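Colleague: Please take me through one part of this model up close. After that, show me how the rest of the chain is put together around it.

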Amino acid sequence: MAITLPNLGAQPTKAEPANATTRNEEFQPRTIPEDAYPGLDPEWRELWNTHGSHIIRSDEVTLEEYREDPTKYSFTYATHSGSQSRRPLHPRHQPPGEIQIRIYSPAGPGPFPVHFNFHGGGWVVGSLESERAWCRHMCNEVGLKVIDVAYRKGPEFPFPTAIYDCWDAVKWARQNATSTSINVDPESVSFGGLSAGGHMSAVLAHFARDEGVPIKLHLMIVPATDMRYCHRRITRLDATNCPYPSAVELQDLPWSPLGREQWFLKYWLGDNDKTQDRAFSSWIMTPMLAASFEGLPRAHVVTAEFDLERDEGEAYARKLREAGNTVTSKRYQGVPHAFAHYNHPERGLTKSFEFIEDTSKLLREVHFG
């Protein structure tokens, strides 16, 4: 079910013009040889070589080109849809305006536990369609409500708008928990997300602690917790400008190289050195810089072996543990950053279905014991 916030007069920020990466007219597929990347999941190698290697990546075009037809730059497939309706929501922290949420509701009278999902997409792309298969599965298998949040994205709504949109959605749903359209238990709340959504889940856990909002779990799936190595001025990663071996070793991956990470940040943070400097120095952009990690909600961190962001996610999990928090984590071997999206019955990954089952068991245990 989708909920729309009333437009209270916010004006989007003007996007800076961006130039598309120069592309060779005779584009050569980026196939992965059998001897490349030892340990790579054979399913992923075949899936990429068959369906992904010939696709121009999103970072090789402008955002305007991407928005004309996002399907041209991706080969993941969502498999489920959710019902939709509209109700008012009033964000308080950032520019007032409109966001949407979709509510997945299980059968029964409720009130239900609730999990909030913050989709991936580098704070710039993605939508309520991105993770609907996972949301539907959690709703059906766990028996909880899932609220998927369509936060506002860059460049029209740059950093940190998306973060506060997600937090306002959580607080609004708790405040309206007894309404017939929400019907949730405000004391049985969890949230999480993939990549950019994992980043926002990390930040919102600090917000929840500081504002005394009880949260059962914050789920961080391949989270972006320290992207300072993706600053626009950096052209090549090594040990002098990046503390994370996974980013250094995997910066040239054909499906998700360093340049793709920088493409997202250009549109969310701005294509300007000083603007990016200010953003990266803020803990809400770089959660690894948070002043305190004590007293945070229970956490679960998911990482992927062939992902630039693998080591920063695992470093963040260690910080949480060292501060005395309850933390679990799992690295999925052989798979790329967005492996969780590949749950299409015919073009899917075994590891993606494993992830779905793992998270359904986790959420069932967290909310029902």
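**A close look at one loop**

Modeller: Trp 123 counts as buried, because its relative accessibility is 2% and the cut-off for buried is under 20%. Keep in mind that this is a predicted model.

Where does Trp 123 sit? Trp 123 is in the loop between S3 and helix H3, which covers residues 132–142. Its backbone deserves a look too. Trp 123 is not a glycine, yet its phi is positive, at about 65°.

Now step back along the chain. Strand S3 spans residues 112–118, and the loop between strand S2 (100–104) and S3 holds Pro 111. The bond between Gly 110 and Pro 111 is a cis peptide bond, with omega at about 0°.

Go forward instead. Strand S4 covers residues 145–150, and Pro 160 lies in the loop between S4 and H4. Here is another cis peptide bond: Phe 159 is joined to Pro 160 with omega near 5°.

Next is helix H4. H4 runs over residues 161–175 and has 15 residues. From first C-alpha to last, H4 reaches 21 Å, close to the 21 Å expected at 1.5 Å a residue. Why is H4 described as largely enclosed by the rest of the structure? Because 13 of its 15 residues are buried.

Gln 175 belongs to H4. Is Gln 175 buried or exposed? At 56% relative accessibility, Gln 175 counts as exposed, because exposed means over 50%. Gln 175 also has a partner to look for. Pro 186 is 11 residues from Gln 175 in sequence, and their C-alpha atoms are 7.8 Å apart in space.

Beyond H4 comes another loop. Asn 183 lies in the loop between H4 and strand S5, which covers residues 184–194. Asn 183 has a phi near 55°, a positive value in a residue other than glycine. Asn 183 is also buried, with a relative accessible area of 18%.

Compare a residue elsewhere. Glu 46 is in helix H1, over residues 42–52. Glu 46 is exposed, with a relative accessible area of 56%. Between Glu 46 and Ile 32 there are 14 places in sequence, and the C-alpha to C-alpha distance is 8.7 Å.

Now for helix H7. H7 covers residues 258–268, and 9 of its 11 residues are buried, so H7 is largely enclosed by the rest of the structure. The buried residues of H7 include Leu 258, Trp 263, Phe 264 and Trp 268. Charged and polar names are on the list as well, among them Glu 261, Gln 262 and Lys 266. What do these buried residues pack against? They pack against helix H2 (63–68), H4, helix H5 (196–211) and helix H8 (273–280). So H4 comes back as one of the packing partners of H7, by the residue contacts in the model, where contact means heavy atoms within 4.5 Å. Just after H7, Gly 270 takes a positive phi of about 110°.

Is there empty space inside? What does the count give? The count comes to 1 cavity of 30 Å³ or more. The space in the largest cavity is about 60 Å³. Residues lining the largest cavity include Asn 117, Glu 131, Trp 134 and Leu 194. Ile 221, Ala 340, His 341 and Phe 355 line it too.

Here is the whole chain. There are 10 helices and 8 strands. The chain has 369 residues, and 57% of them count as buried. Many contacts join places well separated in sequence: among contacts between residues at least 6 apart, 79% join residues at least 24 apart. The accessible surface is about 15,300 Å², and carbon and sulfur atoms account for 48% of it.

How confident is the prediction? The average pLDDT of the chain is 89, and 88% of the residues score at least 70. Some stretches need caution. Over residues 78–92 the pLDDT is below 50, and this stretch has 57 contacts in the model beyond near neighbours in sequence. Over residues 1–24 the pLDDT stays under 50, with 75 contacts beyond four places in sequence in the model.

Definitions and conventions:
Residues are numbered from 1 along each chain as its sequence is written. This is a predicted model: local features need pLDDT of at least 70, side-chain atom pairs count only at pLDDT 80 or more; totals for chains, interfaces and linings use all residues. Side-chain values use heavy atoms; hydrogens and water are left out. pLDDT is the predictor's confidence in each residue, from 0 to 100. Helices (H or I, at least four residues) and strands (E, at least two) are DSSP runs, numbered from the N terminus. Buried means under 20% relative accessible area, exposed over 50%, partly exposed in between (1.4 Å probe, protein chains only). Accessible areas come from the Shrake-Rupley method with a 1.4 Å probe; for residues, only the protein chains shown count as cover. The expected span of a helix is 1.5 Å times one less than its number of residues. On a 1 Å grid over the protein atoms alone, a cavity is a set of points where a 1.4 Å probe fits but cannot get out, and a pocket is an open set with protein on both sides within 12 Å along at least five of seven lines; lining residues have an atom within 4 Å of a point. Grid points are joined across faces, edges and corners, and a volume is the space filled by probe spheres set on the points.
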